[in-house]
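Colleague: Hi! Could you walk me through this one before I set anything up?
Modeller: Happy to, here it is.

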Amino acid sequence: MTSNPKKRAALGKGLGALLEGSTADITTTSTTPPASSGGVALLPVGSIEANPFNPRTNFEKEALNELKESIAIHGIIQPLTVRKLGKNKYQLISGERRFRASQLAGLDEVPAYIRVANDQAMLEMALVENIQREDLNAIEVALSYQRLIDEIGLTQDQLSQKISKGRTSITNHLRLLKLPAEIQLGVRDDLISMGHARALVSAGDEDRQLDLYRQIIDFQLSVREIEELIRTNSSKTTDEAPNTPKAGSTPVLTSIQEVFKNHLSDRISSKVEIKKTHSGNGKILINFSSEVDLNRIIELLNKSN
């Protein structure tokens, strides 16, 4: 099935606007009659191969199917960008999500800008295009930043100017790559947010980071809760074992108990205390300011059941 070229008159600014002032060797060429003005050509789907430099590795099936349905009805509004490899052979620079959805929709041809670029210029174009236009997760963004720094030779300041992102945002993303692989996968798979991950960066060694990461998932902790838990634990002296308190002192709460206390306190909007004795028993104290406040807390606890 071939899309109606009349549906493609409204085109975006394209990659050139993003790379204005770039030194990359990129020139527009046209080897097939343009499907519309602006140097856009209709290319056979079978003549295009995927971009090996694309930082995006996950494409949500449901979102792809939705885009497929839209393309089947309206065609591709924003053309792909490809580079010419040889006679009737092209490689994607950007637009892989649109390309995959077009394949699912059964299109025979797709509109595309045709560029000429060497591999380094192509890598830069693909990374910048994806950072600016695609809904990458925080780890994919961080990996894109790192590749632009390592493989293109950009400094963080130059990267900030090129992609119009603050230096602090770039630094925060890059710090995520210092986390254990399990946590990075958790960010990628949307098990935890970037806010959680940023907090875990400063949580301590890898074992501590992984322990807290699993608590976030098990107890559905908010970013504020995990930040408080990290702050509380970091304030304890490191020369004492957490489960061997001084004589006469109250035993220190374990991480899970601390999490429960903070979680319950947030749920009922009241201060919660856990008092433990050396023998292992104790009590949970919930503070209230009035009879009305007590009834409010009781209602909230009943609802949670």
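Modeller: We can start with the overall make-up and then go through the salt bridges, the cores and a couple of polar residues.

Colleague: Sounds good. What kind of model is it?
Modeller: It is a predicted model.

Colleague: And how many helices and strands does the protein chain have?
Modeller: The protein chain has 13 helices and 9 strands.

Colleague: What share of the residues is buried?
Modeller: Of the 305 residues in the protein chain, 41% are buried. The chain exposes about 16700 Å², and carbon and sulfur atoms supply 50% of that area.

Colleague: What about contacts that span the sequence?
Modeller: Take the contacts between residues at least 6 apart in sequence: 67% of them join residues at least 24 apart.

Colleague: Okay, on to charges. How many salt bridges does the structure hold?
Modeller: There are 8 salt bridges. One of them joins the side chains of E182 and R214, at 2.8 Å from N to O. That pair links distant parts of the chain, with E182 in helix α8 (residues 181-188) and R214 in helix α10 (residues 206-219), 32 residues apart.

Colleague: Are those two buried, exposed or something in between, and why do they count that way?
Modeller: E182 counts as partly exposed because its relative accessible area is 34%, and buried would need under 20%. R214 is partly exposed too, at 39% relative accessibility.

Colleague: Why would side chains like that pair up at all?
Modeller: Side chains of opposite charge can pair when their charged atoms come close.

Colleague: Which other pairs should I look at?
Modeller: R188 and D189 meet through their side chains in a salt bridge, 3.0 Å from N to O. R188 is partly exposed with a relative accessible area of 31%, and D189 is partly exposed at 40%. Then there is R208 with D211, where the closest N and O atoms are 3.2 Å apart.

Colleague: Where do R208 and D211 lie?
Modeller: Both lie in helix α10, 3 residues apart, which is about one turn of the helix. D211 is partly exposed, with a relative accessible area of 33%.

Colleague: Switching topic: which residues touch the most other members in the largest nonpolar core?
Modeller: That core has 21 residues, and L176, L179, I183, I192, L200, L212 and I226 touch the most other members. The elements giving two or more residues to this core are α5 (138-151), α8, α9 (194-201), α10 and α11 (223-234).

Colleague: Is there anything apart from that core?
Modeller: Another core, of 20 residues, lies apart from it, and its members include A41, L64, I76 and Y90.

Colleague: Back to L176. What is L176 in contact with, beyond its sequence neighbours?
Modeller: Leaving aside neighbours within four places in sequence, L176 contacts A138, I139, Q184, M194, A197, R198 and V201.

Colleague: Q184 is a polar name in that list. Is Q184 buried or exposed?
Modeller: Q184 is buried, because its relative accessible area is 17% and the limit is under 20%. Q184 lies in helix α8. Not counting residues up to four places away in sequence, Q184 touches I139, L176, L177 and L179.

Colleague: Last one: what about H173?
Modeller: H173 lies in helix α7 (residues 167-175) and is buried, with a relative accessible area of 11%. Beyond four places in sequence, H173 is in contact with A138, V141, A142, Y145 and M194.

Colleague: Great, thanks!

Conventions:
Residues numbered from 1 in each chain as written. Predicted model: local features only at pLDDT ≥ 70, side-chain atom pairs only at ≥ 80, totals over all residues. Heavy atoms only, no water. Helix = DSSP H or I, 4+ residues; strand = E, 2+ residues; numbered from the N terminus. Buried < 20%, exposed > 50% of the residue type's maximum accessible area, 1.4 Å probe, protein only. Contact = heavy atoms within 4.5 Å. Areas by Shrake-Rupley, 256 points an atom, 1.4 Å probe, with all protein chains shown as cover. Salt bridge = Lys/Arg side-chain N within 4 Å of Asp/Glu carboxyl O. Core = buried A, V, L, I, M, F, W, Y, C linked by side-chain atoms within 4.5 Å.
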